[in-house]
Amino acid sequence: MFFRELAKIVAFSIGCVMPASVLAATVSRINGMRLADRRDKTRLVIDLNHSVEHTLFTLSNPERIVIDVRNTSFTGTLPILSLDGPIKKIRSARRNANDVRVVLELNHRVRSKSFLLPPDGSTGHRLVVDLFDNRVYAGDEPVTKPKTTTAGKNKPLRDVVVAIDAGHGGKDPGASGKGRTREKDITLAVAKRLRDMLEKEHGIKPVMIRNKDVFISLRERIRIARKNKADLFISIHADAFRDVRARGASVYTLSNRGATSEAAQWLADKENAADLFGGVSIRNRTDIVAEVLLDLAQSATIQSSLDVGSVVLKNLGKVGRVHKRRVEQAGFAVLKSPDIPSILVETAFISNPSEEKKLRSKSYQIKLAAAITKGVKQYFSRHAPPGTILSGRSEINVG
């Protein structure tokens, strides 16, 4: 065992000191290419059997990114990729007999970055090219600043921003009903209807976390909401249970236990934290002060979440049956923003055949969206953030 481990160490050491020219002499092979939509960027991954040397440069008129991969072969044809975002076309060809050139034809100019990744488990060597759109996106729409108006002494007032999160998406379909209804499709449909209704409300600006069938990590959903300076985060889901008789809507907020675990992570990262809680940064604070500030912020956020959750649940109860008569609390990761009141709405049980049928109904989706909209309006009629259009109005029509 000792000599086997020693051999591994020696082999690793030789690899570390071996000249790059010797390593580059190994002829590598491109095994495939794939695209991934990471929301903040488009990622092209080139799968290889060995590490490679490469160069990347851009060309204009038309906009292109050129990747030259040295001492590499590519047999067969380029895989057909589903193109989206800034990439219009991908083509490749041999160059200088020993190299492969990959050209990305673009719809518009982007920033780019490339790097190599070593093997990881079942995945081999990879050349990664990230494209950062010069236009910032939330979902697939450009991020826009909230509309402003003026009142009194020309003091600008802004919209209340509501982040709408359609649960699941892309490779994560969520739960499925017996009629093969997928949760990710229902959540997106309801989320879009909610967006359309909120857009008609003066002083409220909805922001979609995703506008199409794409996968977004739970942390990324929170990041998008914070980037858009959301005042409220609503995550739309459809419940499922092994007993098909289970039915009714539910509303969840973050539990105190979930908040405690999240606080530990924020405190551990406080040296790099740039986020504000109640206008006070935890950067450069002592552990005790940071913990107190974070605890106060989270307590206020959870209470606000419970308040808005209660009025939303009450209105959902007028549309159909509710599974629980009060707001439940759990440690859902998507609710863990310490500074944004957040609720998770389980619209109905997709595992219940009758509720699955209702969830697929346009009229029922509209009723759900209307109930949530009314709850949001009722909450902000009493708790509009200072400096917003709604806070500057004596009353809001909650119909």
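Strands E14 and E15 run parallel and are joined by five bridges; strands here are DSSP runs of at least two residues and helices are H or I runs of at least four, numbered from the N terminus, and two strands pair if DSSP finds at least two bridges between them. Within that pairing, Ile 164 has Met 208 of E15 as its bridge partner. On to E16: E14 pairs with E16 in the parallel sense too, over five bridges, and there Ala 163 is partnered by Phe 233.

A word on the model itself: it is predicted, so local features need pLDDT of at least 70 and side-chain atom pairs count only at pLDDT 80 or more, while totals for chains, interfaces and linings use all residues. Residues are numbered from 1 along each chain as its sequence is written, and side-chain values use heavy atoms, with hydrogens and water left out.

Back to E14, where seven of seven residues are buried, meaning under 20% relative accessible area (exposed is over 50%, partly exposed in between; 1.4 Å probe, protein chains only). In a regular strand the side chains alternate between the two faces of the sheet. Both faces of E14 are covered, with Val 160, Val 162, Ile 164 and Ala 166 on one side and Val 161, Ala 163 and Asp 165 on the other.

The model has two open sheets to set side by side; angles run from 0 to 180 degrees between N-to-C directions of axes, which are lines fitted to C-alpha atoms, for helices over the stretch in contact.

| Strand order | Pairing | Average angle between neighbouring strands |
|---|---|---|
| E15-E14-E16-E21-E17-E20 | mixed | 30°, direction ignored |
| E3-E4-E7-E6 | antiparallel | 15° |

In the six-strand sheet, E15 and E20 (328–330) are the edge strands, each pairing on one side only. In the four-strand sheet, E3 (54–59) and E6 (87–95) each have a single partner strand, so one side of each is left without a neighbour in the sheet. Six bridges join E3 to the antiparallel E4 (64–69), and Thr 58 stands opposite Ile 65 in E4.

Now for the packing. A nonpolar core is a set of buried Ala, Val, Leu, Ile, Met, Phe, Trp, Tyr and Cys residues joined through side-chain atoms within 4.5 Å. The largest one has 42 residues, and those with the most contacts inside it include Val 162, Ile 234 and Val 376. Among the elements giving it two or more residues are E14, E15, E16, H6 (287–316) and H8 (362–383). H8 supplies the largest share, eight residues. A second, separate core of 20 residues includes Ile 65, Ile 67, Val 100 and Val 102.

H8 lies across E14, E15, E16 and E21, at about 150° to E16. Leaving aside neighbours within four places in sequence, Val 376 is in contact (heavy atoms within 4.5 Å) with Val 162, Leu 198, Ile 204, Leu 232, Ile 234 and Val 312.

There is also a bit of empty space: one cavity of 30 Å³ or more. A cavity is a set of points on a 1 Å grid over the protein atoms alone where a 1.4 Å probe fits but cannot get out, and lining residues have an atom within 4 Å of a point. The largest cavity holds about 60 Å³, a volume being the space filled by probe spheres set on the points, which are joined across faces, edges and corners. Of its 10 lining residues, Leu 254, Thr 301, Ile 302, Leu 335 and Ser 337 are the closest to the centre. H6 gives the most to the lining, four residues.

Definitions and conventions
On a 1 Å grid over the protein atoms alone, a cavity is a set of points where a 1.4 Å probe fits but cannot get out, and a pocket is an open set with protein on both sides within 12 Å along at least five of seven lines; lining residues have an atom within 4 Å of a point.
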